[in-house]
Amino acid sequence: MVDYDLVLKNGTIVTAAGTDAADVGVRGGEIAGIAPHLHGAQEIDCQGLLITPGAVDVHVHLQYPIGSLTTTDDFFTGTRAAALGGTTAVIDFVEAQPQQSLLDALAQRQALAAERAIIDYGFHMTITPHDIPKLAQVADVVAAGCPSFKHYMAYSFRLHDGQLLQSFQAIRRAGGLPIVHAENWDVIQTLVQQNLAIGRSDPRWHPRSRPALMEGEAAGRVINLAALAETPLYIFHVSCQAVVERIAAARAGGQPVFAETCPQYLLLDDSLFDRPEAAGALPVCAPPLRPLGEQEPLWMALARGDLHVISTDHCPFWLADKAAALGDFSRIPGGLPSIESRFALAYTFGVGAGRLSLSQWVDCCCTMPAQLMGFTKKGQIAVGYDADLVVFDPRQPVTLSTKTLHENVDWTPYDGFQLTGWPRHTLSRGQWLVRDGQFVGQPGQGRFVARRLATT
Ligand code: URP
Ligand code: ZN
């Protein structure tokens with residue numbers, strides 16, 4: 001009897017809870033059955049392959065204006081690359097203009113994504129100093145399905161401690177989740193000026209102007225502010241042990257603090273800034289890559305549960321735009337691409353290298369990000385969830401390069417990395433996005449997903 005539209009047969013299902021040898025039946029875009037011997041109108045043999053939830057990347061910057069530049073992946077190219085890498089949902093950002101309402105800005109950004117996105121998406125609302133007088137609007141933004149709010153402690157649009165506190169209080173009242181980019185901007189600016197004043201303008205002075213010690217200080221401060229406001233907190237792109245220690249201490253005391261790290265902090269180190277010419281400028285991002293030795297403790301924190309998510313902070317710029325600022329490291333546009341390779345990088349260097357179990361891999365890349373950010377029907381293989389599914393070949397060899405990747409950018413920090421394991425098929429709500437490694441999706445196929453936090 002044909003009970004399902006599609007059945008993934010004979011694979012090994014991997015969830016955050018364990019592995020299971022069973023078929024997955026899809027009906028009406030949802031997972032409708034998990035059991036042996038299911039039958040469907042379409043049946044796909046997954047013998048020897050892993051079946052995982054679609055991966056969820058909660059930190060991407062697509063066609064995102066930063067200063068005079070815009071990130072080079074738009075909602076089409078970025079989400080196509082994501083789908084090819086097994087990611088079926090992303091969260092991007094909204095920033096309101098000074099005179100614009102938060103809801104207006106959200107609607108504008110939604111319209112932009114709707115035309116082009118391949119996979120489902122949500123948005124974090126950014127709270128800048130202009131938005132402090134608008135904090136009464138936070139509840140409407142949460143009700144519109146955008147319950148997470150980004151705050152910067154760096155850059156010209158950073159918030160001061162009092163503003164962070166006000167914003168956290170408003171978000172707590174509305175049942176939302178504050179997110180923070182934690183760095184100490186005053187110290188960074190001082191060190192940048194000191195270094196530039198004595199001719200230290202090369203990219204290698206970028207990490208030396210943004211010390212791990214002060215990322216730890218900023219994280220500790222924002223954790224304290226969250227405690228004062230009695231709100232949960234999510235910390236973006238943790239790069240070093242100094243932050244992990246603060247998170248672990250807060251969590252040991254019962255404070256609901258959650259955090260992500262990214263492939264660049266797990267796999268790259270600050271020696272890359274010593275490369276000559278443009279090569280040294282390419283890996284500039286904030287927080288910066290850290291010295292060799294900082295990476296392993298981040299893996300260990302993921303395995304222990306003191307870090308919860310691997311996201312990308314995908315923020316691509318052309319090589320020429322990075323190179324154009326070579327005379328002054330502080331002007332190099334910050335950000336690295338990895339929207340396509342994250343899931344497979346985490347497999348090869350996490351599971352393959354014995355640092356993460358299969359379940360921890362799925363938890364960090366799929367389940368936890370969905371749960372923490374309120375994607376209530378994503379990130380799990382369970383009946384009633386969206387049929388966002390990846391069939392992953394754990395033996396597929398891939399050498400990363402701009403030739404093998406589909407991100408719209410002319411360099412990758414992972415050039416030459418040899419992976420074992422890559423997605424073969426990607427499905428979104430039961431629809432094929434990638435079949436046998438070939439992209440078959442359509443622009444506009446992705447939908448805005450109204451997210452609801454467990455606490456709201
Ligand atoms: O350098 C980075 N990370 N660029 C993206 C914006 C941000 O700070 O998250
Ligand atoms: Zn950031």
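Which side chains does a polar contact of 2.6 Å join? Before you select anything, note that this is a predicted model, in which local features need pLDDT of at least 70 and side-chain atom pairs count only at pLDDT 80 or more, while totals for chains, interfaces and linings use all residues. Residues are numbered from 1 along each chain as its sequence is written, chains are lettered from A and ligands numbered from 1 in the order in which they are written, and side-chain values use heavy atoms, with hydrogens and water left out.

**Stop 1: D269**

Select D269 and S271, whose side chains are the pair joined by that polar contact of 2.6 Å. A polar contact is a pair of N or O atoms within 3.5 Å; within protein, one must be able to donate a hydrogen and the other to accept it, and residues adjacent in sequence count only if both atoms are side-chain atoms. D269 itself lies in the loop between α9 (263–267) and α10 (278–281), where helices (H or I, at least four residues) and strands (E, at least two) are DSSP runs numbered from the N terminus. D269 is buried but has no salt bridge, and the nearest side chain of opposite charge, that of R275, is 8.3 Å away. Buried means under 20% relative accessible area, exposed over 50%, and partly exposed in between (1.4 Å probe, protein chains only). A salt bridge is a side-chain nitrogen of Lys or Arg within 4 Å of a carboxyl oxygen of Asp or Glu, and for charge Lys and Arg count as positive and Asp and Glu as negative, while His and the chain ends are not counted. If you leave aside the neighbours within four places in sequence, D269 is in contact (heavy atoms within 4.5 Å) with L289, R290, P291, L292 and Q295.

**Stop 2: R290 and E215**

From that list, keep R290 and add E215, because their side chains meet in a salt bridge of 2.8 Å, N to O, and R290 lies in the loop between α10 and α11 while E215 is in helix α7, so the pair ties together parts that are 75 residues apart in sequence. Both ends are buried, R290 at 4% relative accessibility and E215 at 3%.

**Stop 3: A219 in helix α7**

Staying in helix α7 (residues 212–229), select A219, which counts as buried at 0% relative accessibility. Now show V243 as well: the two residues are 24 residues apart along the chain, and their C-alpha atoms are separated by 6.0 Å. Beyond the neighbours within four places in sequence, A219 is in contact with A182, I235 and V243.

**Stop 4: ligand 1**

Next, select ligand 1 and the residues that surround it (a residue is near a molecule or strand if one of its heavy atoms lies within 4 Å of it), among them H59, H61, K150, H181, H237, D313 and C315. Three backbone distances can be followed here: a backbone N or O atom of A286 lies 2.8 Å from an oxygen atom of the ligand, one of G334 lies 3.2 Å from a nitrogen atom of ligand 1, and one of G335 lies 3.5 Å from an oxygen atom of ligand 1. The protein covers 96% of the 270 Å² of accessible area that ligand 1 has on its own, with areas computed by the Shrake-Rupley method with a 1.4 Å probe and, for residues, only the protein chains shown counting as cover.

Step from A286 to P287, since a cis peptide bond joins these two residues, with omega about -5°; P287 is placed in the loop between α10 and α11 (295–304).

**Stop 5: D92 in strand β11**

Is D92, in strand β11 (residues 87–94), buried or exposed? D92 is buried, with a relative accessible area of 0%, and a polar atom of its side chain lies 2.7 Å from the backbone nitrogen of L62. Among the residues in contact with D92, apart from those within four places in sequence, are V60, H61, F75 and R109.

**Stop 6: more salt bridges**

The structure holds 18 salt bridges. Select K134 and D131, which form one with their closest N and O atoms 2.9 Å apart; K134 is buried at 8% relative accessible area, and D131 is buried at 0%. Then select K377 and D386, whose side chains meet in a salt bridge of 3.7 Å, N to O; here K377 is partly exposed at 31%, whereas D386 is buried at 10%. Both belong to a network of salt bridges that links E30, D120, K377, K378, D386, D388 and R429.
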